[in-house]
Amino acid sequence: MTRANPQYTPAGRPPGTRSLAEPVREWQKQRSERNTRLEVGSRYATGKWVPAESAKALLEAVIRPGDRVCLEGDNQKQADFLAEVLADVDPSRIHDLHIVQSGIVLQAHIDLFERGIARKLDFSYSGPQGAAIARALLAGKVELGAIHTYIELFARYFVDLTPRVALIAAVQADRNGNLYTGPNTEDTPTIVEATAFKSGIVIAQVNEVVDEVARVDIPGDQVDFFIKPEKRFYVEPLFTRDPASITETQILMAMMAIKGIYAEYGVTRLNHGIGFPTAAIELLLPTYGERLGLKGKIGTHWVLNPHPTLIPAIESGWVQQIHCFGSEVGMDDYMRARSDVYFTGHDGSLRSNRLISQTAGLYACDMFIGSTLQIDLAGNSSTVTPGRIAGFGGAPNMGSDPHGRRHPTATWLRAGREASAGAIKLTRGRKLVVQILETFGEKMQPNFVETLDSIAMAEKLNFDLAPIMIYGDDVTHIVTEEGIANLLLCRDPAEREQAIRGVAGFTDVGRGRDHKAVEALRRRGVIRRPEDLGIDPLDASRQLLAAHSVKDLATWSGGLYRPPSRFRNW
Amino acid sequence: MEQFQVRGMARQRAPGHRPDAITGVNASGNLEVLVERVLPDRECLVEVTTAVTGFRGVWEAVIQNFFERCSPGGLRFSINDGGARPDTVTLRLMQGMRLMETAP
C-alpha cells in the first residue's frame, strides 16, 4: 500500500531508504534484552529446570529495577514460593518494581513494598490483606495505579500493563517446560499469553516434575524456567460455606429471591456470589424450588466457582452445566466424576479459567446475585469498610449490565421492558443485578448507609475515584429480610431512594422512610414483602435446607467431596 | 440485662385457637419467644428480657412495626433474647404468631 501512495512516506522518501544522518531504529530491543537476560539466567539452569536453592540468584539475574512483574497471586492459587523468594532479593539490585497481579493475598506480597523491592501496584482483589494494603498506602509504601475488576486488569495486560516477567504456579512440569495447572488453572493462561508473546520471561514454580504432564495447559515454548520447591503451592479455600452457619433470616431472603426473582423472570443462566444468602438459595433449590415446581425452569446453566453448597442441586438434577473461574479445595474428585456438569480436560480434572469465566459471566448470564457490606440511597454498593480495602475481584463484571450484549433472552428482555417507561420496540434488555443482604451486619453495623465509607477512604488516600463495587444504576433488585425492592420499576431518584429505604429495615436509613411513599411503592409492586409473595414465615426454618452441615454435603456427593480439615468436625 | 414491655392495640384478634406456643432458642444471636393467648382481643403485649442493653429504641420500633404488620390481637409474647438482630426478632415474632394458628 505504501508504495502505491508515495506521497504519504515521511519526508517524501520512498520506504526502505534512509538518510545517512538518521540513527538506525532498533525494532527488537525487547527480544534482544530478553535473550540477554535468559543467557544470564541459564547459568543457574539445567535446560529449563532451576534448583530451588538457586531461585533467588535466578530472579536477581533476570529481573531488573523498574520491571513490570506479575507474581501470580490469583483468587485462590498462589505462587507462594516465588513470592517469598522475590520478597527476599537484594533491594539494592532489584527495586521499584511495578506489580501487576489480580490478588494481593500473601504477607510476601506486602513485604515487597515494605522492603522497597516494589513501588507501584495495580491489582484487583486483596481479601485477607485488605487492612495491610490500606496501611501500606497510608504509609506511602505503595504507589497505587488502580484497583481493577478481573477482566479489566487482564485487558490491561495486553494494552498498557504488559508484564516483563511473570512468576507463575503450576502442578506439573515436564522437562520441556510444558505445564499442567490442575483444577486451579485460574489466571495462568492469561498471564503467560501477555508475557510470553511480548518478549517477556516466564518462570514457573511447580509441585512436581514428571516425564509427561497430565495435560498441557501451558505449552513449554512459553515457559523459560521452572523450579520445584519443597512445598506445594498454596490454595485458599474461598467458596465453602458451612450450611450449619446459615440463619433463618437468610433462608427467608433466599425464599423471597427464588419466588420473587428467579421464578418471576425465569432465570436459567446465572452467577452467584459467595455469601451465605446465596449459599442458602443453592440449598433451597432441591427443597423449596422443587415444591414450587421450578426444576428445569431456573438455575440450569451457571458461571460459578465449585460451591460445595450446590452439590445437592446438582445431585437432584437441577444443573446442566457450570463453568468455573477457579477450583475449590476438596471438590476435585467430585468434579472429575461429574464431567457432564463441569468443564474438564481429557485427563479428567477440572479446567478453570478466570478470564473466560468472567467474560461468560458478563455476557452470557442473565443474572448476578451477591451480597455486599454497604448500600447507599442510590443503590451504590461497596465492600470498603474503615481501614480495609478488599478490592473488587469479579463482582463488578458479573454485577453490571453489558452494553455490548446483543443476544436476547426472555429474562433479559423482561428486565429491559420493566426499566423502560415508554416505547419498547428498540428497548434493549437488562441484566438482573441483585444485591441480597441483611439490613444489619456483624455487631449491629447497618448495611444501609447515607454515605459509603468508601468515599471517606478515597479522600483520605487521595484516590481520584472512590472504589464502588456495583454502581447503583446497574442494580435492579435489592433483597433484605424486609422484602424485595425492584429498582427497574422506579422512575426517578426519589422513588429509588424510598424503594431502598423501604427494605432497609430498622437501620437509620430504613427508619427515615416516608411511610406513605413506601406503601404506594408496595401497591405498585415495586416493594414486595414476604406476605405479598405468599411466603409463610414458618417455612423459614433450617429444616428447609437440603443439607445442614458440611458432612451432609459430603454425603450428598457420595463421598466424592472431601472437605478440607477446617470444615470437618466429625 | 434489660427488661421492658411494649404494649399495642391490634386491628383484629389473632387467628387460631391454640393457647400457647414456643419458638426459637435462647442462644447467642438468637432468641426464644413464648406466645400466650391471654389478653383481650384488641390488645397485644411483648415483654423483652435481653442480655444486650442500649437498643430499647430499636426494639420498640421493631415491635410496633410487628403489631401494625400482623395485628396479633389477644397475644402476649415473652422474649428471652440472646442478642438477636432486628431481622431475627421480626421473624421469630411472625413465626410465633403463625404457630398460634396451627394445631399444637
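These are my notebook entries on a predicted model with chains A and B.

**Conventions**

I number residues from 1 along each chain as its sequence is written, with chains lettered from A and ligands numbered from 1 in the order in which they are written. In this predicted model I take local features at pLDDT of at least 70 and side-chain atom pairs at pLDDT 80 or more, while totals for chains, interfaces and linings use all residues.

**Chain A, overall**

I looked up the secondary structure of chain A and noted 19 helices and 21 strands. Helices (H or I, at least four residues) and strands (E, at least two) are DSSP runs, numbered from the N terminus. The C-alpha trace of chain A spans about 80 × 65 × 50 Å along its principal axes. Its radius of gyration is 26 Å, which agrees with the value near 25 Å for a compact globule of 570 residues. I take that radius over C-alpha atoms, and the globule rule is 2.2 Å times the number of residues to the power 0.38.

Of the 570 residues of chain A, I have 53% as buried. Buried means 20 or more other C-beta atoms within 10 Å of the residue's own, exposed means 12 or fewer, and partly exposed lies in between, with C-beta atoms placed from the backbone. For contacts in chain A between residues at least 6 apart in sequence, 74% join residues at least 24 apart. A contact here is a pair of residues whose C-beta atoms, placed from the backbone, lie within 7 Å.

**Chain A, H8 against H9**

I checked how helix H8 (residues 248–265) of chain A meets helix H9 (residues 276–291) of chain A: the angle is about 65° and the axes are 8 Å apart. Axes are lines fitted to C-alpha atoms, for helices over the stretch in contact, and angles run from 0 to 180 degrees between N-to-C directions. The crossing of H8(A) with H9(A) is right-handed; that is, the near helix is turned clockwise from the far one by less than a right angle, anticlockwise being left-handed. From H8(A) the contact includes A:Ile251, A:Met255 and A:Ile258, and from H9(A) it includes A:Phe276, A:Ile281 and A:Leu284. By class I noted 12 nonpolar, 2 polar and no charged residues. Ala, Val, Leu, Ile, Met, Phe, Trp, Tyr, Cys and Pro count as nonpolar, Asp, Glu, Lys and Arg as charged, and the others, Gly among them, as polar.

**Chain A, Arg388 and H16**

I found A:Arg388 in the loop between strand S17 (381–382) and helix H13 (395–398) of chain A. A:Arg388 counts as buried because it has 20 C-beta neighbours inside 10 Å. Apart from neighbours within four places in sequence, A:Arg388 is in contact with A:Gly130, A:Ala131 and A:Ala134.

In helix H16 (residues 493–501) of chain A, the buried residues include A:Arg496, A:Glu497 and A:Arg501. Among the elements that the buried residues of H16(A) pack against are strand S19 (477–480), strand S20 (483–486) and helix H18 (515–523) of chain A.

**Chain B, overall**

Chain B has 2 helices and 5 strands, and I read the order from the N terminus as β-β-β-β-α-β-α. Its radius of gyration is 12 Å, in agreement with the value near 13 Å for a compact globule of 104 residues. I have 41% of those 104 residues as buried.

**Chain B, the sheet**

I traced an open sheet of 5 strands in the order S1-S4-S5-S3-S2 (chain B), with mixed pairing. Strands pair if DSSP finds at least two bridges between them. Strand S1 (2–9) and strand S2 (20–24) of chain B are at the edges with a single partner strand each, so one side of each has no neighbour in the sheet. S1(B) runs antiparallel to strand S4 (residues 43–50) of chain B, joined by 8 bridges. B:Met9 stands opposite B:Glu43 in S4(B).

I placed H2(B) across S2, strand S3 (31–37) and S5 of chain B, at about 35° to S3(B).

I looked up B:Ser78 in strand S5 (residues 75–81) of chain B. B:Ser78 is partly exposed, with 17 other C-beta atoms within 10 Å. Not counting residues up to four places away in sequence, B:Ser78 touches B:Leu34 and B:Glu47.

**Where B meets A**

I noted 12 residues from chain B and 15 residues from chain A in the contact. On the chain B side, helix H1 (56–70) and helix H2 (86–99) are the elements that give two or more residues. H2(B) gives the most, with 8 residues. I have the chain B side as 7 nonpolar, 2 polar and 3 charged residues.

How values were computed. Contact = placed C-beta atoms within 7 Å.
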